[in-house]
Amino acid sequence: MKKIFLIGLLFLALSCATQKDSAAGLAKYSNEISIEALKTNLTVIASDEMEGRETGSEGQKKAGRYLIEQYRQHGIPFPEGATDYYQKVPAAFLNAKYKENLPDSENIWAFIEGTEKPNEIVVVSAHYDHVGVKNGEVYNGADDDGSGTVAILEIAKAFQKAKAAGHGPKRSVLILHVTGEEHGLHGSRYYSENPLFPLANTVGDVNIDMIGRHDEFHNDSNYIYLIGSDYLSSDLQQICVDANKDLQLTLDYKYNERSDPNRFYYRSDHYNFAKNGIPSVFLFSGTHADYHQPGDDVEKIEFDALTKRTRYAFAIAWELANRDKRPVVDKDGK
(Lines give C-alpha, C1' and ligand atoms only; values in the text may rest on other atoms or scores of the structure.)
Protein backbone atom coordinates (compact mmCIF):
# COMPACT_ATOMS: atom_id res chain seq x y z
CA MET A 1 0.00 0.00 0.00
CA LYS A 2 2.84 2.38 0.89
CA LYS A 3 4.51 1.66 -2.44
CA ILE A 4 1.30 2.42 -4.33
CA PHE A 5 0.95 5.67 -2.37
CA LEU A 6 4.51 6.73 -3.24
CA ILE A 7 3.95 5.93 -6.91
CA GLY A 8 0.82 8.07 -6.79
CA LEU A 9 2.75 10.96 -5.26
CA LEU A 10 5.44 10.63 -7.94
CA PHE A 11 2.85 10.66 -10.72
CA LEU A 12 1.19 13.75 -9.19
CA ALA A 13 4.56 15.51 -8.92
CA LEU A 14 5.42 14.71 -12.53
CA SER A 15 1.99 15.88 -13.68
CA CYS A 16 2.35 19.18 -11.80
CA ALA A 17 5.85 19.67 -13.20
CA THR A 18 4.57 19.06 -16.73
CA GLN A 19 1.77 21.56 -16.27
CA LYS A 20 4.21 24.10 -14.87
CA ASP A 21 6.57 23.61 -17.82
CA SER A 22 3.68 24.02 -20.26
CA ALA A 23 2.56 27.25 -18.57
CA ALA A 24 6.11 28.62 -18.63
CA GLY A 25 6.41 27.72 -22.31
CA LEU A 26 3.12 29.42 -23.11
CA ALA A 27 4.19 32.62 -21.36
CA LYS A 28 7.57 32.66 -23.10
CA TYR A 29 6.38 31.97 -26.64
CA SER A 30 3.26 34.08 -26.38
CA ASN A 31 5.60 37.04 -25.97
CA GLU A 32 7.12 36.17 -29.35
CA ILE A 33 3.90 37.50 -30.89
CA SER A 34 4.82 41.12 -31.48
CA ILE A 35 2.90 44.23 -32.37
CA GLU A 36 5.68 45.19 -34.79
CA ALA A 37 5.39 41.98 -36.82
CA LEU A 38 1.60 42.17 -36.91
CA LYS A 39 1.78 45.76 -38.15
CA THR A 40 4.47 45.01 -40.75
CA ASN A 41 2.61 42.05 -42.21
CA LEU A 42 -0.82 43.64 -42.14
CA THR A 43 0.52 46.74 -43.89
CA VAL A 44 1.44 44.45 -46.78
CA ILE A 45 -1.58 42.12 -46.72
CA ALA A 46 -4.09 45.00 -46.62
CA SER A 47 -2.26 47.31 -49.04
CA ASP A 48 -3.75 48.61 -52.29
CA GLU A 49 -1.25 46.37 -54.09
CA MET A 50 -3.35 43.35 -53.05
CA GLU A 51 -6.41 44.84 -54.78
CA GLY A 52 -8.83 43.80 -52.05
CA ARG A 53 -7.92 40.08 -52.23
CA GLU A 54 -11.05 39.02 -54.10
CA THR A 55 -11.32 35.24 -54.31
CA GLY A 56 -9.10 33.89 -57.07
CA SER A 57 -7.85 37.33 -58.13
CA GLU A 58 -4.22 38.17 -58.81
CA GLY A 59 -4.28 40.38 -55.71
CA GLN A 60 -5.31 37.47 -53.51
CA LYS A 61 -2.67 35.26 -55.12
CA LYS A 62 -0.07 37.95 -54.46
CA ALA A 63 -1.11 38.05 -50.80
CA GLY A 64 -0.81 34.26 -50.73
CA ARG A 65 2.70 34.38 -52.14
CA TYR A 66 3.67 36.89 -49.46
CA LEU A 67 2.35 34.57 -46.73
CA ILE A 68 4.24 31.60 -48.16
CA GLU A 69 7.46 33.61 -48.27
CA GLN A 70 7.02 34.41 -44.57
CA TYR A 71 6.61 30.72 -43.76
CA ARG A 72 9.69 29.87 -45.77
CA GLN A 73 11.76 32.58 -44.09
CA HIS A 74 10.82 31.27 -40.65
CA GLY A 75 11.43 27.62 -41.51
CA ILE A 76 7.78 26.60 -41.24
CA PRO A 77 7.07 23.83 -43.77
CA PHE A 78 3.94 22.84 -45.62
CA PRO A 79 2.24 19.72 -44.25
CA GLU A 80 3.57 16.25 -44.78
CA GLY A 81 1.54 14.66 -47.53
CA ALA A 82 1.15 17.92 -49.46
CA THR A 83 3.30 18.85 -52.45
CA ASP A 84 3.52 22.57 -51.61
CA TYR A 85 1.86 25.30 -49.53
CA TYR A 86 -1.32 25.27 -51.64
CA GLN A 87 -4.52 23.32 -51.47
CA LYS A 88 -6.02 24.12 -54.85
CA VAL A 89 -9.74 24.88 -54.81
CA PRO A 90 -11.16 24.56 -58.32
CA ALA A 91 -13.54 27.07 -59.84
CA ALA A 92 -16.13 24.33 -60.34
CA PHE A 93 -16.33 23.87 -56.58
CA LEU A 94 -16.36 27.62 -55.83
CA ASN A 95 -19.23 28.20 -58.27
CA ALA A 96 -21.31 25.09 -57.64
CA LYS A 97 -23.66 26.79 -55.19
CA TYR A 98 -24.06 30.37 -56.42
CA LYS A 99 -22.58 30.43 -59.96
CA GLU A 100 -20.58 33.62 -59.36
CA ASN A 101 -18.01 32.90 -62.08
CA LEU A 102 -15.13 32.79 -59.60
CA PRO A 103 -11.77 31.55 -60.94
CA ASP A 104 -9.64 28.81 -59.41
CA SER A 105 -8.28 29.73 -55.99
CA GLU A 106 -6.22 28.20 -53.19
CA ASN A 107 -6.21 27.53 -49.49
CA ILE A 108 -2.74 28.01 -48.01
CA TRP A 109 -1.41 25.75 -45.28
CA ALA A 110 1.62 25.52 -43.03
CA PHE A 111 2.44 22.88 -40.46
CA ILE A 112 4.16 22.38 -37.12
CA GLU A 113 4.45 18.64 -36.56
CA GLY A 114 3.66 17.33 -33.10
CA THR A 115 6.31 15.67 -30.97
CA GLU A 116 4.20 13.06 -29.17
CA LYS A 117 0.87 12.79 -30.99
CA PRO A 118 1.70 13.95 -34.52
CA ASN A 119 -1.38 12.29 -36.02
CA GLU A 120 -3.73 14.41 -33.90
CA ILE A 121 -4.32 17.82 -35.50
CA VAL A 122 -5.20 21.24 -34.10
CA VAL A 123 -6.38 23.59 -36.85
CA VAL A 124 -5.86 27.36 -36.56
CA SER A 125 -7.81 29.07 -39.33
CA ALA A 126 -8.57 32.45 -40.86
CA HIS A 127 -9.75 33.52 -44.30
CA TYR A 128 -7.43 35.65 -46.40
CA ASP A 129 -9.84 36.70 -49.14
CA HIS A 130 -11.87 39.91 -49.12
CA VAL A 131 -14.26 41.63 -51.54
CA GLY A 132 -11.86 43.18 -54.07
CA VAL A 133 -12.33 46.45 -55.97
CA LYS A 134 -15.69 48.15 -56.47
CA ASN A 135 -16.28 51.23 -58.59
CA GLY A 136 -12.56 51.87 -58.69
CA GLU A 137 -12.13 51.76 -54.90
CA VAL A 138 -9.99 49.10 -53.22
CA TYR A 139 -11.65 47.38 -50.27
CA ASN A 140 -8.50 46.51 -48.32
CA GLY A 141 -10.13 44.40 -45.60
CA ALA A 142 -7.54 45.23 -42.94
CA ASP A 143 -9.81 43.95 -40.20
CA ASP A 144 -11.85 41.56 -42.37
CA ASP A 145 -9.86 39.40 -42.32
CA GLY A 146 -6.40 40.84 -42.64
CA SER A 147 -6.31 40.85 -38.84
CA GLY A 148 -6.96 37.12 -38.63
CA THR A 149 -4.58 36.40 -41.50
CA VAL A 150 -1.59 38.01 -39.82
CA ALA A 151 -2.64 36.66 -36.41
CA ILE A 152 -2.37 33.03 -37.50
CA LEU A 153 0.94 33.76 -39.22
CA GLU A 154 2.28 35.03 -35.88
CA ILE A 155 0.80 32.03 -34.06
CA ALA A 156 2.61 29.72 -36.46
CA LYS A 157 5.89 31.55 -35.84
CA ALA A 158 5.44 31.27 -32.07
CA PHE A 159 4.82 27.51 -32.28
CA GLN A 160 7.81 27.09 -34.58
CA LYS A 161 10.10 28.99 -32.20
CA ALA A 162 8.92 26.79 -29.36
CA LYS A 163 9.63 23.67 -31.39
CA ALA A 164 13.09 24.90 -32.41
CA ALA A 165 13.89 25.37 -28.71
CA GLY A 166 12.77 21.83 -27.84
CA HIS A 167 9.27 22.78 -26.66
CA GLY A 168 7.32 21.72 -29.70
CA PRO A 169 3.60 21.01 -29.39
CA LYS A 170 2.58 17.45 -28.54
CA ARG A 171 -0.03 17.50 -31.28
CA SER A 172 0.47 18.80 -34.79
CA VAL A 173 -0.76 22.30 -35.63
CA LEU A 174 -2.19 22.98 -39.08
CA ILE A 175 -2.26 26.67 -39.97
CA LEU A 176 -5.00 27.11 -42.55
CA HIS A 177 -5.55 30.30 -44.57
CA VAL A 178 -8.81 29.65 -46.39
CA THR A 179 -10.19 31.22 -49.53
CA GLY A 180 -13.73 32.03 -50.60
CA GLU A 181 -15.14 32.90 -47.18
CA GLU A 182 -16.80 36.03 -48.45
CA HIS A 183 -18.70 34.00 -51.06
CA GLY A 184 -20.01 31.29 -48.71
CA LEU A 185 -17.24 29.68 -46.61
CA HIS A 186 -16.10 27.82 -49.71
CA GLY A 187 -12.43 27.27 -48.83
CA SER A 188 -13.07 25.79 -45.41
CA ARG A 189 -15.89 23.70 -46.84
CA TYR A 190 -13.51 22.40 -49.49
CA TYR A 191 -10.97 21.45 -46.82
CA SER A 192 -13.64 19.74 -44.70
CA GLU A 193 -14.71 17.69 -47.73
CA ASN A 194 -11.13 17.07 -48.89
CA PRO A 195 -9.10 17.02 -45.67
CA LEU A 196 -5.38 16.40 -45.77
CA PHE A 197 -5.70 14.75 -42.36
CA PRO A 198 -8.72 12.67 -41.31
CA LEU A 199 -11.38 14.76 -39.62
CA ALA A 200 -11.56 12.05 -36.97
CA ASN A 201 -7.99 13.02 -36.00
CA THR A 202 -8.76 16.74 -35.89
CA VAL A 203 -9.19 17.65 -32.23
CA GLY A 204 -10.25 21.29 -32.57
CA ASP A 205 -10.37 24.46 -34.64
CA VAL A 206 -9.47 27.95 -33.43
CA ASN A 207 -10.88 30.32 -36.04
CA ILE A 208 -10.09 34.03 -36.18
CA ASP A 209 -12.17 36.48 -38.19
CA MET A 210 -11.94 40.22 -37.45
CA ILE A 211 -10.07 40.90 -34.20
CA GLY A 212 -8.49 44.27 -34.97
CA ARG A 213 -10.96 46.90 -33.75
CA HIS A 214 -13.80 47.51 -31.30
CA ASP A 215 -17.49 47.74 -32.04
CA GLU A 216 -20.32 50.03 -30.98
CA PHE A 217 -21.11 47.92 -27.92
CA HIS A 218 -17.72 48.51 -26.27
CA ASN A 219 -15.90 51.68 -25.22
CA ASP A 220 -12.50 50.03 -25.48
CA SER A 221 -10.91 46.95 -27.01
CA ASN A 222 -10.22 44.81 -23.96
CA TYR A 223 -12.73 42.14 -24.93
CA ILE A 224 -13.30 39.30 -27.36
CA TYR A 225 -16.47 37.63 -28.53
CA LEU A 226 -16.45 33.86 -28.03
CA ILE A 227 -18.76 32.05 -30.41
CA GLY A 228 -19.36 28.30 -30.41
CA SER A 229 -16.85 27.39 -27.71
CA ASP A 230 -19.49 25.57 -25.65
CA TYR A 231 -21.60 24.12 -28.47
CA LEU A 232 -19.82 20.78 -28.72
CA SER A 233 -17.34 20.50 -25.87
CA SER A 234 -17.34 21.51 -22.22
CA ASP A 235 -13.55 20.97 -22.32
CA LEU A 236 -13.08 23.58 -25.05
CA GLN A 237 -15.21 26.06 -23.15
CA GLN A 238 -13.06 25.61 -20.04
CA ILE A 239 -9.88 25.89 -22.11
CA CYS A 240 -11.08 29.23 -23.46
CA VAL A 241 -11.81 30.50 -19.95
CA ASP A 242 -8.51 29.30 -18.51
CA ALA A 243 -6.50 30.72 -21.42
CA ASN A 244 -7.68 34.18 -20.42
CA LYS A 245 -6.45 34.11 -16.81
CA ASP A 246 -3.31 36.14 -17.44
CA LEU A 247 -4.63 38.29 -20.28
CA GLN A 248 -7.85 39.35 -18.53
CA LEU A 249 -9.89 40.10 -21.62
CA THR A 250 -13.62 40.41 -21.14
CA LEU A 251 -15.11 37.27 -22.67
CA ASP A 252 -18.32 38.41 -24.33
CA TYR A 253 -20.93 35.79 -25.25
CA LYS A 254 -23.40 38.20 -26.85
CA TYR A 255 -23.25 36.47 -30.24
CA ASN A 256 -23.05 32.96 -28.81
CA GLU A 257 -26.78 32.82 -28.16
CA ARG A 258 -28.63 30.39 -30.41
CA SER A 259 -31.26 33.07 -30.91
CA ASP A 260 -28.76 35.69 -32.12
CA PRO A 261 -30.31 37.17 -35.28
CA ASN A 262 -26.85 37.79 -36.80
CA ARG A 263 -26.19 34.03 -36.83
CA PHE A 264 -22.43 34.61 -36.70
CA TYR A 265 -21.92 31.01 -35.61
CA TYR A 266 -22.85 29.96 -39.14
CA ARG A 267 -20.98 32.76 -40.93
CA SER A 268 -17.28 32.03 -40.50
CA ASP A 269 -15.00 29.14 -41.30
CA HIS A 270 -15.10 27.32 -37.98
CA TYR A 271 -18.61 26.20 -38.91
CA ASN A 272 -17.34 23.73 -41.51
CA PHE A 273 -15.39 22.01 -38.73
CA ALA A 274 -18.11 22.29 -36.10
CA LYS A 275 -20.78 20.77 -38.34
CA ASN A 276 -18.50 17.73 -38.57
CA GLY A 277 -18.41 17.36 -34.79
CA ILE A 278 -15.03 19.05 -34.24
CA PRO A 279 -14.89 21.34 -31.16
CA SER A 280 -14.48 24.85 -32.58
CA VAL A 281 -14.31 28.42 -31.35
CA PHE A 282 -14.75 31.59 -33.37
CA LEU A 283 -12.83 34.62 -32.04
CA PHE A 284 -14.32 37.93 -33.17
CA SER A 285 -14.35 41.57 -32.09
CA GLY A 286 -17.53 42.57 -33.89
CA THR A 287 -18.48 44.67 -36.87
CA HIS A 288 -18.05 48.43 -37.30
CA ALA A 289 -18.90 51.21 -39.74
CA ASP A 290 -16.14 50.08 -42.13
CA TYR A 291 -17.31 46.47 -42.35
CA HIS A 292 -17.28 45.60 -46.09
CA GLN A 293 -16.55 49.23 -46.87
CA PRO A 294 -13.49 50.85 -48.49
CA GLY A 295 -12.56 52.41 -45.14
CA ASP A 296 -11.43 49.12 -43.57
CA ASP A 297 -7.80 50.25 -43.66
CA VAL A 298 -4.64 49.51 -41.67
CA GLU A 299 -4.49 52.92 -39.98
CA LYS A 300 -7.75 52.12 -38.16
CA ILE A 301 -6.49 48.87 -36.65
CA GLU A 302 -5.96 48.91 -32.88
CA PHE A 303 -2.70 47.01 -32.80
CA ASP A 304 -2.44 46.68 -29.02
CA ALA A 305 -5.79 44.90 -29.06
CA LEU A 306 -4.85 42.81 -32.08
CA THR A 307 -1.68 41.68 -30.30
CA LYS A 308 -3.49 40.76 -27.09
CA ARG A 309 -6.23 38.89 -28.90
CA THR A 310 -3.67 37.02 -31.02
CA ARG A 311 -1.89 35.94 -27.84
CA TYR A 312 -5.24 34.75 -26.50
CA ALA A 313 -5.84 32.64 -29.61
CA PHE A 314 -2.33 31.24 -29.25
CA ALA A 315 -3.03 30.33 -25.62
CA ILE A 316 -6.12 28.35 -26.65
CA ALA A 317 -4.25 26.58 -29.44
CA TRP A 318 -1.29 25.89 -27.14
CA GLU A 319 -3.51 24.13 -24.62
CA LEU A 320 -5.32 22.14 -27.30
CA ALA A 321 -1.98 21.06 -28.73
CA ASN A 322 -0.30 20.20 -25.41
CA ARG A 323 -2.97 18.85 -23.06
CA ASP A 324 -2.88 15.14 -22.23
CA LYS A 325 -6.27 14.33 -23.74
CA ARG A 326 -8.12 15.75 -26.71
CA PRO A 327 -11.22 17.77 -25.76
CA VAL A 328 -14.29 15.67 -25.20
CA VAL A 329 -17.29 16.00 -27.48
CA ASP A 330 -20.05 15.86 -24.93
CA LYS A 331 -22.68 18.14 -26.51
CA ASP A 332 -24.70 17.91 -29.71
CA GLY A 333 -23.84 21.33 -31.10
CA LYS A 334 -27.44 22.49 -31.14
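## A sheet, its neighbours and two spaces

In strand S6, Ile-175 is the bridge partner of Val-124, and this single pairing is a convenient place to enter the structure, which is a predicted model.

The two strands concerned are strand S3 (residues 117-127) and strand S6 (residues 171-178), which pair in the parallel sense over eight bridges. Strands of a sheet pair through backbone hydrogen bonds, and the pairing can be either parallel or antiparallel. S3 is also joined by five bridges to strand S7 (residues 202-208), and these two run parallel; here Ser-125 has Asn-207 in S7 as its bridge partner. S7 in turn is joined to S10 by four bridges, again running parallel, and in this pair Asp-205 stands opposite Ser-280 in S10. The pairing between strand S8 (residues 223-227) and S10, by contrast, is antiparallel and extends over three bridges.

The table gathers the bridge partners named for these strands.

| Residue | Bridge partner | Strand of the partner |
|---|---|---|
| Val-124 | Ile-175 | S6 |
| Ser-125 | Asn-207 | S7 |
| Tyr-225 | Phe-284 | S10 |
| Ile-227 | Phe-282 | S10 |

In what order do the strands form the open sheet? Eight strands take part, in the order S1-S2-S6-S3-S7-S10-S8-S9, and the pairing is mixed. At the edges stand strand S1 (86-89) and strand S9 (250-252), each of which pairs on one side only. Ignoring direction, neighbouring strands of this sheet are turned by 25° against each other on average.

Strand S10 deserves a further look, and one may ask which of its residues are covered on each side. In a regular strand the side chains alternate between the two faces of the sheet. On one side of S10 lie Ser-280, Phe-282 and Phe-284, on the other Val-281 and Leu-283, and all of these are buried. The strand as a whole is therefore mostly covered, with five of its five residues counted as buried, a word that stands for a relative accessible area under 20%.

Among the helices, H9 (residues 303-322) allows a simple check of geometry: at 1.5 Å a residue, its 20 residues should span 28 Å, and because its end C-alpha atoms are 28 Å apart, the expectation and the model agree. H9 is also mostly covered, since 16 of its 20 residues are buried. Asn-322 lies in this helix and is buried, with a relative accessible area of 11%. Although Asn-322 and Lys-170 are 152 residues apart along the chain, their C-alpha atoms are separated by 5.1 Å.

A second pair of residues distant in sequence involves helix H2 (residues 35-45), in which Lys-39 lies. The C-alpha atoms of Lys-39 and Glu-299 are separated by 9.7 Å, with their positions 260 residues apart along the chain. Is Lys-39 buried or partly exposed? Its relative accessible area is 42%, so Lys-39 counts as partly exposed.

Some backbone details also call for attention. Glu-51, in the loop between H2 and helix H3 (58-73), has a positive phi of about 50° although it is not a glycine, and with a relative accessible area of 41% Glu-51 is partly exposed. Leu-185, in the loop between S6 and helix H6 (186-193), likewise is a residue other than glycine with a positive phi, here near 60°; at 9% relative accessibility, however, Leu-185 counts as buried. A cis peptide bond, with omega about -15°, joins Asp-144 and Asp-145, and Asp-145 belongs to helix H5 (residues 142-164).

Leu-185 appears again in the second largest pocket, which is lined by 21 residues, with Glu-181, Leu-185, Tyr-266, Arg-267 and Ser-268 nearest its centre. About 330 Å³ of space lies in this pocket. Helix H8 (271-274) and strand S10 (280-284) each supply at least two residues of its lining, and the lining divides into eight nonpolar, five polar and eight charged residues.

Rolling a probe the size of a water molecule over the atoms shows where empty space is left. The count comes to one cavity of 30 Å³ or more, and about 40 Å³ of space lies in the largest cavity. Which residues line the largest cavity? They are Tyr-231, Tyr-255, Glu-257, Arg-258, Asp-260, Arg-263, Phe-264, Tyr-265 and Tyr-266, and they divide into five nonpolar, no polar and four charged.

Definitions and conventions: Residues numbered from 1 in each chain as written. Predicted model: local features only at pLDDT ≥ 70, side-chain atom pairs only at ≥ 80, totals over all residues. Heavy atoms only, no water. 1 Å grid on protein atoms, 1.4 Å probe; cavity = no way out; pocket = protein on both sides within 12 Å on 5 of 7 lines; lining within 4 Å. Points joined across faces, edges and corners; volume = space filled by probe spheres on them. Nonpolar A, V, L, I, M, F, W, Y, C, P; charged D, E, K, R; others polar. Expected span 1.5 Å × (residues − 1). Buried < 20%, exposed > 50% of the residue type's maximum accessible area, 1.4 Å probe, protein only. Pairing = 2+ DSSP bridges. Axes fitted to C-alpha atoms, helices over the stretch in contact; angles between N-to-C directions.
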